[in-house]
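Me: I'd like a close look at one part of this model: the charged side chains and how they pair. Please set the scene with the overall picture before you zoom in.

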Amino acid sequence: MNKEKDKIKKNGVVTESLPDGFFRVLLEDESEILAHLGGKLRVHRIRVLTGDKVTVEMTPYDPKRGRIIFRNK
């Protein structure tokens, strides 16, 4: 199994900011997930605010959690 091939990428909008770098994200398919900031976003101190469009990476094992990997403009 290839780790990169198993990841699912979806676009969404941040609806709520939670403590410790967690966010509620409403995906394009109208499902809501809990997502945390990816490592590169933390290292480069990219700010993610409510209303931002983001790209979320998820695994097929837990469809309710994900990682924010990109903040769209």
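Reply: Happy to! The protein chain has a radius of gyration of 12 Å, which agrees with the value near 11 Å that a compact globule of 73 residues would have. That radius is taken over C-alpha atoms, and the globule rule is 2.2 Å times the number of residues to the power 0.38. Keep in mind that this is a predicted model, in which local features need pLDDT of at least 70 and side-chain atom pairs count only at pLDDT 80 or more, while totals for chains, interfaces and linings use all residues. Residues are numbered from 1 along each chain as its sequence is written, and side-chain values use heavy atoms, with hydrogens and water left out.

Along the principal axes, the C-alpha atoms of the protein chain fill a box of roughly 35 × 30 × 25 Å. Two helices and five strands make up its secondary structure, in the order α-β-β-β-α-β-β along the sequence. These are DSSP runs, numbered from the N terminus: helices are H or I with at least four residues, strands E with at least two. Of the contacts between residues at least 6 apart in sequence, 50% join residues at least 24 apart; contact here means heavy atoms within 4.5 Å.

On the surface side, the protein chain exposes about 5400 Å², with carbon and sulfur atoms supplying 52% of it. Accessible areas come from the Shrake-Rupley method with a 1.4 Å probe, and for residues only the protein chains shown count as cover. Buried residues are 27% of the 73, where buried means under 20% relative accessible area, exposed over 50%, and partly exposed in between (1.4 Å probe, protein chains only).

Now for the charges. The protein chain has 16 positive and 11 negative charges, and their mean positions are 7 Å apart. Lys and Arg count as positive and Asp and Glu as negative, with His and the chain ends not counted; the place of a charge is NZ of Lys, CZ of Arg, CG of Asp or CD of Glu. Side chains of opposite charge can pair when their charged atoms come close. A search of the whole structure finds five salt bridges, each being a side-chain nitrogen of Lys or Arg within 4 Å of a carboxyl oxygen of Asp or Glu.

One of them joins Lys 10 and Asp 29, whose closest N and O atoms are 3.3 Å apart. This pair links distant parts of the chain, since Lys 10 belongs to strand S1 (residues 8–18) and Asp 29 to the loop between S2 and S3, 19 residues apart. Both partners are partly exposed, Lys 10 at 27% relative accessibility and Asp 29 at 45%.

Another salt bridge pairs Glu 16 with Arg 24, with 3.7 Å between the closest N and O atoms. Here too the partners are partly exposed: Glu 16 at 36% and Arg 24 at 32%.

Asp 52 and Arg 71 meet in a further salt bridge (3.3 Å, N to O). Asp 52 lies in the loop between H2 and S4 and Arg 71 in strand S5 (residues 65–71), so the pair ties together parts 19 residues apart in sequence. Asp 52 is buried, with a relative accessible area of 16%, whereas Arg 71 is partly exposed at 36%.

Lys 7, Glu 57 and Arg 67 form one network through salt bridges that share partners. Glu 57 sits in strand S4 and is buried, with a relative accessible area of 10%. Neighbours within four places in sequence aside, the contacts of Glu 57 include Lys 7 and Arg 67, along with Ile 8 and Ile 69. Thr 55 is also in strand S4 and is buried at 13%. Among the residues that Thr 55 touches, beyond four places in sequence, are Lys 10 and Arg 67.

Two charged residues deserve a look for their backbone instead. Most residues other than glycine have a negative phi. Glu 30, however, has a positive phi near 65°; Glu 30 lies in the loop between strand S2 (22–27) and strand S3 (32–37) and is exposed, at 62%. Arg 45 likewise has a positive phi, of about 55°. Arg 45 is in the loop between helix H2 (39–43) and strand S4 (53–58), exposed with a relative accessible area of 73%.
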